[in-house]
Amino acid sequence: MSWVTAGLLLAGGLIIALGLGLPVAFAFGVLNLIAAWLLFGSVDALSFLVQSAYSSVANIYLSAIPFFILMGTIFVRAGLSTVVLDAIGKVMHGVRASGSYVAVFSGIVLGALMGASVASTSVLGKTLTPELLKRGYPKSLAVGPVIGSGTLANLIPPSLGAVLIGSLAGISISDLLLAGIGPAIVLSCLILIYIFWRSRAYPELESEGVGLSVAGRLRALLKLTPVLLPIFCVTGVIYLDIATPTEASATGALATFIVAYLYRPMSWRTILGIATDALELSAMLLFIVVSSKAYSQILAITGIASGFSEFLRSVAPSVYVAILIVLAIALLLGCFMDQTSVIFVAVPLMAGVMNKMNIDPIWFGIMFSIVVGTGGISPPFGLNLFALKGVVPPDISMKDIYKLCLPFCAFELATVGITMAFPAVAKFLLN
Amino acid sequence: MTRSREDGGTFESLMSRFSDGVGVVGAIILVLMLLLIALSVVLRYAFNAPITWADQVATYGLVYMTFVGAPRVLARRGHVSVDILEASLNPHRQKLLRVFVDVIGMLYCIAFCYLALLEIKRVITRGAEFSDAFTVPQWIVYWVIPFGAAMLALQFLANLLIDLRRLRNPESTSDVQFGGWA
C-alpha cells in the first residue's frame, strides 16, 4: 500500500471517528487500534499500543501542562483577574476608547499568567465586554479587542500549546516558550493600532471623565506588583535559564497560590475545588496525548510521515512554500477541530518537513503555534468564539462574533508573515 | 463542563460518584507532584541538594493522574469532541448518535483494558523493571492503565444507560456542548 492510500484511509477514518462526535481522545485511540490491527493482524503485536500509551504521557516535560493549568485556575478562582483589570483600567483612564486598550494590556498580563487563550478570552469577555457595552462602546471596540487580546495567552509564556508542540515535535520547550514573546508584541501592536484607527470614528468615547493624575496612575500600576512574582517565576526563570520549564511551571503555580492566598485566604474546600478543576482539564488534555506516540508510530510505519515530507520537498520550490503548505493545513484543521487535536494531527507532519528540509525548529514551531492559536478564533468552530458567546450579553449574536473576529484572524496571519520575514522577531530573546 | 446526572439510576449515580472520587485522588496526586518539584528546585538552590528521585516520581504521578482523572472527565462529559455533525441533527437523532458513541467508546475501552492486562501479565512474568534514579517493577506503574480503562468502560456504560433513558423520553434535551481549553 502506498503512503498516499494509507494517508487517505487514515484521514478518512479520522473524519468519520471525529465527525460522529466520539471524544477526540477516544477517536484517536479507536483509529490507532484499527490501524494497528490492519497492519499487524495479531493481538500479541497490539501490546505496543499499551507501551506507547504509557510512554506518551510518562514524560516529565508534560508535567508543565497540569502545573500551568493549575496556575491559571488559581489566578482566576482567587479573583486576581479583577485586580489586574481594575489596575489597568485606572492607568488607562480618560484615554479615548480606554476600555479597548485595557483589553489589550490586560490580555498581555493575563497571558503571562495563564496558558490557554480560551481562559483568558472568557475572563476578558466576562468582566470587560458588558461594562464597555454599557458605556456605549460599539461592538467592534467592546468585543473585537477581547477576541484578539485573548489569543495573546497562546504566545506569552506560560503557553500550553508551546509545551505540547515542543514535547511532541522534540523542540526545546524553553526556547519555544520564549520565542512566543516577540510575536506577542507584534500582535499586540497590530491590535493597538486597530483600536486607535477604529476609535477615531467615535469621538464621544473621549468624554469618559477626567483622567487620573500621574501619581494616581502610578499608584494603580503598583497594585500589579504582586502578580509580578508568578510572572518572574515562569518567564524570568526560563529566560535566565535557571530551571527547566517543568520546574518553572511548578514554582510559578506555587507563587500564584501564595500571592492569591495573601490577597484572599482560601479554605481547604476552595483549594481542593481548584485542584480538581485543574485535574479535569489536565486529564482531558493528557488523555488525548495518550494516543500520540502510537499515532506517530503508525504514520512512520505506513510511510505517511516520510512520504508526505518527501512529496513536499519535491513539489515545493522553496522552504517557504513548504512551510506555508504545512501552516495552511494546520489553519484549515483549526477551523474544525480544537487546538490539541490540531497539534496532534499536524505536528508529525510539521516535524517531518522540519527535519527533512533542515528548517529552524524554533522559528517553524512558533509560526505553527500562532497558526494553531488562530484556529481558536476562526469561524466556524473556534472554541474561543463559543466561550466568548457564553459570557457576553445575549444581544451579541454568534453572527456578530463571526464578523468581529475576522480582522483579528488577519492580524494573527500578519504576525506569522512578519515572523516568517524576520526570524529575529521570534529569536531575539534566545541565546 | 456540564454536569448531567439529574436522571441517573442507582448504577449510574454510583458510578459517577466513584469516578468523581477517584478523580479527587488524581487532584491530590497533582498537588503532591507540584510540591515535590517545587521543593526539589528550592533544595537545589538553597542547599545544593536536589531530590534526585523527584522527576521519576513526578513522571509516574503524571501517568497516574491522567488515567484516574479521565473517568471523572467522562462522567462530566468533559472530553472535548468535534460536534459539527451532532449540532446539525434534530434532537432525536442527536440522542441516537450519543448512544452510538457511548457504545463505541465502551467497546474501545474494554479492548484497551484487555490489551493492558495482557501487557501487565507479560511484564510480571518477565520481571521487567523501570530504572532511573531508582528501580521499580513496571507493573507498579502500569496497573493504573487497565484500571483507568476499566473505569472508563464502566463510565461509558453509565453514560449509555443515561442516554438510552433520554432517548426514550422525548421531553429531555440533549445538551450539545463545546469543551476545550477552558
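This tour proceeds through a predicted model, with a selection to make at each stop.

**Chain B as a whole**

Begin by selecting chain B, which contains 6 helices and 2 strands. Following the sequence, the viewer should show these elements in the order α-α-α-α-β-β-α-α. Of its 182 residues, 52% count as buried. If one considers contacts in chain B between residues at least 6 apart in sequence, 75% of them join residues at least 24 apart. Displaying the surface of chain B brings up about 8,400 Å² of exposed area, of which carbon and sulfur atoms supply 66%.

**Leu74(B)**

Remaining in chain B, select helix α2, residues 54–75, and locate Leu74(B) within it. Is Leu74(B) buried or exposed? Leu74(B) is buried because its relative accessibility is 4%, and buried means under 20%. Next, add Leu152(B) to the selection: 78 residues separate Leu74(B) and Leu152(B) in sequence, yet their C-alpha atoms are 7.4 Å apart in space. With neighbours within four places in sequence set aside, the contacts of Leu74(B) in chain B are His79(B), Leu152(B), Gln155(B), Phe156(B) and Asn159(B). Leu74(B) is also in contact with Phe26(A), a residue of chain A.

**The aromatic rings**

Show the aromatic side chains of every chain; the whole structure holds 23 aromatic pairs. For one of these, select Phe28(A) and Tyr295(A), whose ring centres are 5.9 Å apart and whose planes meet at 65 degrees, so the pair is edge-to-face. This pair links distant parts of the chain, since Phe28(A) belongs to helix α2 (residues 24–40) of chain A and Tyr295(A) to helix α19 of chain A, 267 residues apart. Phe28(A) is buried, with 0% relative accessibility, and Tyr295(A) is buried as well, with a relative accessible area of 6%.

Move to Phe40(A) and Phe48(A), another edge-to-face pair, with ring centres 5.6 Å apart and planes at 80 degrees. Which of the two burial classes applies to each partner can be read from the accessibility values: Phe40(A) is partly exposed at 37%, whereas Phe48(A) is buried at 16%.

Then select Phe26(A), Phe287(A), Phe67(B), Tyr108(B), Phe112(B) and Phe156(B) together; ring pairs link these residues into a cluster. Two members, Phe26(A) and Phe156(B), were met earlier as contacts of Leu74(B).

**The second largest pocket**

Return to chain A and display the second largest pocket, which holds about 650 Å³ of space. Which residues are found closest to its centre? Of the 24 lining residues, these are Ala11(A), Leu14(A), Ile15(A), Leu333(A) and Val345(A). Colour by element to see where the lining comes from: α1 (3–19), α19 (292–301), α20 (304–315), α21 (319–336) and α22 (339–356) of chain A each give two or more residues. Helix α1(A) gives the most, with 10 residues. Colouring by residue class shows a lining of 22 nonpolar residues, 2 polar residues and no charged residues.

**Three further residues of chain A**

Select Ser117(A), which lies in helix α7 (residues 117–127) of chain A. Ser117(A) is buried, with a relative accessibility of 1%. Apart from neighbours within four places in sequence, Ser117(A) is in contact with Gly150(A), Thr151(A), Ala153(A), Asn154(A), Gln339(A) and Asn384(A).

Proceed to Thr235(A), located in helix α16 (residues 225–239) of chain A. Thr235(A) is likewise buried, at a relative accessible area of 14%. Not counting residues up to four places away in sequence, Thr235(A) touches Pro157(A), Leu178(A) and Ile181(A).

Finish at Tyr61(A), in the loop between α3 (47–57) and α4 (64–77) of chain A. Why does Tyr61(A) count as partly exposed? Its relative accessibility is 43%, and partly exposed covers values between the 20% limit for buried and the 50% limit for exposed. Add Thr246(A): Tyr61(A) and Thr246(A) are 185 residues apart in sequence but 5.7 Å apart in space, C-alpha to C-alpha. Leaving aside neighbours within four places in sequence, the contacts of Tyr61(A) are Val163(A), Ile173(A) and Thr246(A).

Key: Residues are numbered from 1 along each chain as its sequence is written. Chains are lettered from A and ligands numbered from 1 in the order in which they are written. This is a predicted model: local features need pLDDT of at least 70, side-chain atom pairs count only at pLDDT 80 or more; totals for chains, interfaces and linings use all residues. Side-chain values use heavy atoms; hydrogens and water are left out. On a 1 Å grid over the protein atoms alone, a cavity is a set of points where a 1.4 Å probe fits but cannot get out, and a pocket is an open set with protein on both sides within 12 Å along at least five of seven lines; lining residues have an atom within 4 Å of a point. Grid points are joined across faces, edges and corners, and a volume is the space filled by probe spheres set on the points. Helices (H or I, at least four residues) and strands (E, at least two) are DSSP runs, numbered from the N terminus. Ala, Val, Leu, Ile, Met, Phe, Trp, Tyr, Cys and Pro count as nonpolar, Asp, Glu, Lys and Arg as charged, and the others, Gly among them, as polar. Buried means under 20% relative accessible area, exposed over 50%, partly exposed in between (1.4 Å probe, protein chains only). Contact means heavy atoms within 4.5 Å. Accessible areas come from the Shrake-Rupley method with a 1.4 Å probe; for residues, only the protein chains shown count as cover. Rings of Phe, Tyr and Trp (its six-membered ring) pair if their centres lie within 6.5 Å; planes under 30 degrees apart count as stacked, over 60 as edge-to-face and the rest as tilted.
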